[in-house]
Amino acid sequence: MQVAVVTFDGFNELDSFIASALVNRCRKDGLEAFITTPTPRVTSMSGVEVAGQRPMEFVAEADVVLIGSGVKTRDVVADDRLISRLSLDPGRQLIGSQCSGALVLARLGLLAGMPACTDTKSRPFVEACDVTVLDAPFHAEGNIATAGGCLASQYLATWVITRTLGQDAARAVLDYVAPVGENQETVERGLRAVHMGGPVLR
């Protein structure tokens, strides 16, 4: 199973890298994430330049698509040509957004009739898309999920792992990356956020 972590120019490193790193703990089980970019190289909001692992067209074949956030997301949603490259199908794909990535899901019409999570700076822009924003770090309905706040990317990754490989796999990943001495609370917090955010299905 392949995961496209869509990463635009001006991206937030925490959003893209945490989600992809956690998912890639499951490569031995057949779940693998790839930094997916619209151009061969993109530069983060802090000036970190990275090479994309997959081109934007990869989203059409991926099993899971996670839309990262960044300081240029409003430019992204205003670019019809760029948006047209995001061919997504919630009927067969798991689709999630991180922080301002919710603007992309709204632009694609994927948040119609459902509330969403985003960061505080993006909130007024998401609400301007006629989307109700929750005071919560994570929310999911069916195959669509949104996360708000940089460190909520761990919940987005937990949702992906739980939905594709099951709760035990997600528990193992969270336990491995947890701060020393905080394993149980980290695992419980992650799984609780995902369960409260919507149904967890195999």
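1. Let's start with C99, which sits in the loop between strand 7 and helix 4 (101-107). In this predicted model, its phi is near 50 degrees, a positive value for a residue that isn't glycine. Is C99 buried or exposed? C99 counts as buried, because its relative accessibility is 4% and the cut-off for buried is under 20%.

2. D130 makes a good companion to look at. Here too phi is positive, about 65 degrees, although D130 is not a glycine. You'll find D130 in the loop between helix 5 (123-127) and strand 8. Its relative accessible area is 75%, so D130 is exposed, the cut-off for that being over 50%.

3. Now the sheet. Seven strands make up an open sheet, in the order 5-2-1-6-7-9-8, and the pairing is mixed. Which strands stand at the edges? Those are strand 5 (54-55) and strand 8 (138-141); each has a single partner strand, so one side of each has no neighbour in the sheet. As a reminder, strands of a sheet pair through backbone hydrogen bonds, either parallel or antiparallel.

4. At the strand 8 edge, the partner is strand 9 (residues 144-147): the two run antiparallel and are joined by four bridges. If you want a pair to click on, A140 has A145 of strand 9 as its bridge partner. On another side of the story, helix 1 (residues 13-23) packs on the sheet and touches strand 1 (2-6), strand 2 (32-37), strand 6 (64-67) and strand 7 (94-98). The direction of helix 1 makes about 155 degrees with that of strand 2.

5. Strand 1 deserves a point of its own. Four of its five residues are buried, so the strand is mostly covered. Strand 1 pairs with strand 2 in the parallel sense over five bridges, and A4 has F34 in strand 2 as its bridge partner. Strand 1 also runs parallel to strand 6, with four bridges joining them; there, V3 stands opposite V64. Together, strand 1, helix 1 and strand 2 make a right-handed β-α-β unit.

6. Moving along the sheet, strand 6 and strand 7 pair in the parallel sense over four bridges, with V64 standing opposite L94. Strand 7 and strand 9 are also parallel, over four bridges, and G96 has A145 in strand 9 as its bridge partner.

7. How many residues of strand 7 are buried? Five of the five, so strand 7 is largely enclosed by the rest of the structure. In a regular strand the side chains alternate between the two faces of the sheet. In strand 7 both faces are covered: L94, G96 and Q98 are buried on one side, and I95 and S97 on the other.

8. Helix 6 (residues 153-165) lies across strand 1, strand 6, strand 7, strand 8 and strand 9, and runs at about 170 degrees to strand 7. One residue of helix 6 to check is Q154. Q154 counts as buried because its relative accessibility is 18%, with the cut-off at under 20%. Leaving aside residues up to four places away in sequence, Q154 touches I18 and L22.

9. On the nonpolar interior, the largest core has 32 residues, and those with the most contacts inside it are V3, L31, F138, W159 and V160. Helix 6 gives the largest share of this core, seven residues. A second, separate core has 30 residues, including V77, L86, I95 and A106.

10. Which residues does W159 touch, not counting residues up to four places away in sequence? The list is L94, I95, G96, F138, A140, G142, N143, I144, A145 and V194. Several names there should be familiar: L94, I95 and G96 are buried residues of strand 7, and A140 is the residue bridged to A145.

11. Last, the helix pair. Helix 6 packs with helix 7 (residues 167-177) at an angle of about 145 degrees, the axes being 7 Å apart. On the helix 6 side, T158, I161, T162 and L165 make the contact; on the helix 7 side, Q167, A169, A170, V173 and L174 do. By type, the residues of this contact are six nonpolar, three polar and no charged.

Technical notes:
Residues are numbered from 1 along each chain as its sequence is written. This is a predicted model: local features need pLDDT of at least 70, side-chain atom pairs count only at pLDDT 80 or more; totals for chains, interfaces and linings use all residues. Side-chain values use heavy atoms; hydrogens and water are left out. Axes are lines fitted to C-alpha atoms, for helices over the stretch in contact, and angles run from 0 to 180 degrees between N-to-C directions. Contact means heavy atoms within 4.5 Å. Ala, Val, Leu, Ile, Met, Phe, Trp, Tyr, Cys and Pro count as nonpolar, Asp, Glu, Lys and Arg as charged, and the others, Gly among them, as polar. Two strands pair if DSSP finds at least two bridges between them. Buried means under 20% relative accessible area, exposed over 50%, partly exposed in between (1.4 Å probe, protein chains only). A nonpolar core is a set of buried Ala, Val, Leu, Ile, Met, Phe, Trp, Tyr and Cys residues joined through side-chain atoms within 4.5 Å. A crossover is right-handed if, with the strands pointing away from the viewer, the path from the first strand over the helix to the second runs clockwise.
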